[in-house]
Amino acid sequence: MCSGKLQTALLVAGYFVYLLVGAAVFQALERTAEKQEKMAAAQMKEAFLQNFTQLTVAEMEQFMKNLIEAIQNGVYPVGNESQFEESNWDFSNSFFFAGTVVSTIGYGTLHPKTAGGQIFCVFFALFGIPLNIVFLHRVGKMLSLLCKKLGKFLYEKGMRKKKITFLTLLFFLATGILVFLCLPSVFFQITEGWSYSEGIYFAFITLSTIGFGDYVVGKQSDRKYFSYYRVLVAVWILFGLAWIALLFNLLTTVLEDTEKIIVKDLQQIGKVSKDKVGSQQRRCWPVQFIPEEEPLPPRAGGDAHKMESLTADSEHTKNEKKVFSNSKTIAIRCEN
C-alpha cells in the first residue's frame with residue numbers, strides 16, 4: 001500500500017517537473033524571436049498610420065499579408081506599446097503550451113517558430129505523450145478507487161449490489177460534470193467574458209482533446225488576466241483528461257454490454273421462432289409421412305421365450321389338422 005502511494009507521488013512529481021522543464025526551455029527558445037516579431041509588427045503599424053493615405057494597392061495588399069502573418073504567429077498589433085510588451089512565451093503561457101503538447105490537444109494558436117523550438121517540441125512530445133498516458137492512467141485508478149470505497153460503504157449499509165453500481169456511476173458522472181464542466185464554465189464566463197454555453201463548449205472540446213482552437217483562454221488583448229492564470233487552466237486540463245477518459249471507457253463498456261444483450265436476445269428469439277415453425281410443419285404433415293415410432297428392444301430372454309411359444313402353437317395346429325383329417329375320412333367310409 002505504501003509503495004503504491006510512493007509510486008503515485010513520484011509519478012505526479014516527475015510529470016510536473018517534466019512540464020516545468022519543458023516550459024522553461026520553450027520560454028528560453030521562443031521569447032527572443034517573439035520580441036523581434038512584435039517590434040516588426042509595431043513598426044509596420046506605425047508606418048501604415050503615417051502613410052495610409054498615400055499607399056498604393058500593391059502596398060496595401062502587402063500590408064494585409066504582413067498583418068495576417070503576424071496574427072498567425074500570435075502577434076496582435078492592436079493597442080499601445082505596453083500591450084506589445086506582453087509575451088506569449090512567458091512562463092504561464094509556456095507551461096500551458098507544454099500541457100497542450102503532451103495532452104495532444106494542439107489548439108494551433110501558439111506554436112514554436114524557431115528551429116530550436118521546433119526540434120525540441122518533437123522530442124518533448126515523443127517522451128511527454130507516453131508519460132502523459134501513464135499519468136492519466138494512474139489518476140484514473142485513483143478516481144476508480146474512490147468509487148470503490150463509496151460502493152463498499154454503501155454495501156456495508158445493506159444496500160443491494162445493483163443499486164450500489166447505479167449510485168456509484170451516478171456519483172462519478174455527476175461529480176465529474178460539476179467539477180470539470182459546470183464550475184469551470186462559470187469561471188471562464190467571468191474571466192473571459194464568454195457566455196455560459198461557450199464555456200461548456202470550450203471545456204468539453206478541450207477535455208475531449210478535439211481542440212478546434214476557436215476558443216482559447218488568455219488570448220484577449222483587452223482583458224487583464226491574473227498571474228499564472230493559464231497554469232491553473234493547464235492543471236484543470238490534466239486532471240479533467242483523466243476523468244473524461246474514464247467516462248469514455250465507461251460509455252464504451254455500457255455500449256458493448258448492451259450490444260451483447262441485444263445479440264443474445266435476438267439469438268433466443270430466432271431459436272424460439274425456429275422451434276415454433278418446426279412444430280407447425282409437423283402438425284401439417286399427412287399421417288403416412290409421419291415417421292412411425294420404433295418398437296422398443298426386447299428384454300433379456302424375450303427372444304427364446306417367443307420362439308418356444310411359436311413352436312408350441314405350430315405343433316398344436318398340426319395336431320388339430322390331423323384330427324380333423326381322420327374324422328373326415330371315417331365319415332366318408334360310413335356313408336359308403
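**Group meeting: a nine-helix predicted chain**

Leaving aside neighbours within four places in sequence, D90 is in contact with Q27 and R31. I begin with that residue, and I should say at once that the model is a predicted one.

D90 sits in the loop between α3 and α4. Its relative accessible area is 26%, so D90 is classed as partly exposed, the buried class ending under 20%. The C-alpha atom of D90 is separated by 9.5 Å from that of E30, and the two residues are 60 apart along the chain.

Colleagues, let me place this loop in the whole chain. There are nine helices and zero strands. Read from the N terminus, the order of elements is accordingly α-α-α-α-α-α-α-α-α. The chain has 336 residues, and 28% of them count as buried. Its accessible surface amounts to about 23,300 Å², with 64% of that belonging to carbon and sulfur atoms. Taking the contacts with a separation of 6 or more, 71% are between residues 24 or more positions apart.

A word on confidence. The mean pLDDT of the chain is 81, and 79% of the residues score at least 70. Which elements have the lowest and the highest mean pLDDT? Helix α9, residues 302-335, has the lowest, at 50, while helix α7, residues 196-207, has the highest, at 95. Over residues 327-336 the pLDDT stays under 50, and the model gives that stretch zero contacts beyond four places in sequence.

I return to the loop between α3 and α4, which also holds N88. Is N88 buried or exposed? With a relative accessible area of 14%, N88 falls under the 20% limit and is therefore buried. Setting aside neighbours within four places in sequence, the contacts of N88 are E34, K38, G74, V75, N93, L110 and K219.

On helix α1, which covers residues 2-51, I draw your attention to L29. L29 has 33% relative accessibility and so counts as partly exposed. From the C-alpha atom of L29 to that of W89 the separation is 9.2 Å, with the two positions 60 residues apart along the chain. What does L29 touch, once residues up to four places away in sequence are not counted? The partners are T114, G116, G117 and F120.

Next, the packing of two helices. In general, such a pair is described by the angle between the axes and the distance between the axes. For α5 and helix α6, residues 161-192, the angle is about 140° and the axes lie 9 Å apart. The crossing in which α5 passes α6 is right-handed. Which residues meet at this contact? From α5 they are C147, L150, G151, L154 and Y155, and from α6 they are K161, I164, L167, T168, F171 and F172.

F172 also appears in the surroundings of L250, a residue of helix α8. Apart from neighbours within four places in sequence, L250 is in contact with L169 and F172. L250 and L169 are 81 residues apart in sequence, yet their C-alpha atoms are 9.0 Å apart in space. At 24% relative accessibility, L250 is not under the 20% limit for burial and so counts as partly exposed.

Now the backbone. Most residues other than glycine have a negative phi. T104 is not a glycine, yet its phi is positive, at about 60°. T104 is located in the loop between α4, residues 91-102, and α5, residues 115-156. Its relative accessible area is 44%, and T104 is therefore partly exposed. Y228 is another residue other than glycine with a positive phi, in this case near 60°. The place of Y228 is the loop between α7 and α8, the latter covering residues 229-284.

Finally, the cysteines. A disulfide is a covalent bond between the sulfur atoms of two cysteines. How many disulfides does the chain have? With the cut-off for a pair of cysteine sulfur atoms set at 2.5 Å, the count is zero. As for accessibility, C121 stands at 16% and so counts as buried, whereas C182, at 24%, counts as partly exposed.

To close, I would recall two points: the chain is built from nine helices with zero strands, and helix α9 carries the lowest mean pLDDT among its elements. Thank you.

Key. Residues numbered from 1 in each chain as written. Predicted model: local features only at pLDDT ≥ 70, side-chain atom pairs only at ≥ 80, totals over all residues. Heavy atoms only, no water. pLDDT = per-residue confidence, 0-100. Helix = DSSP H or I, 4+ residues; strand = E, 2+ residues; numbered from the N terminus. Contact = heavy atoms within 4.5 Å. Buried < 20%, exposed > 50% of the residue type's maximum accessible area, 1.4 Å probe, protein only. Areas by Shrake-Rupley, 256 points an atom, 1.4 Å probe, with all protein chains shown as cover. Axes fitted to C-alpha atoms, helices over the stretch in contact; angles between N-to-C directions. Left-handed = near helix turned anticlockwise from the far one by under 90°.
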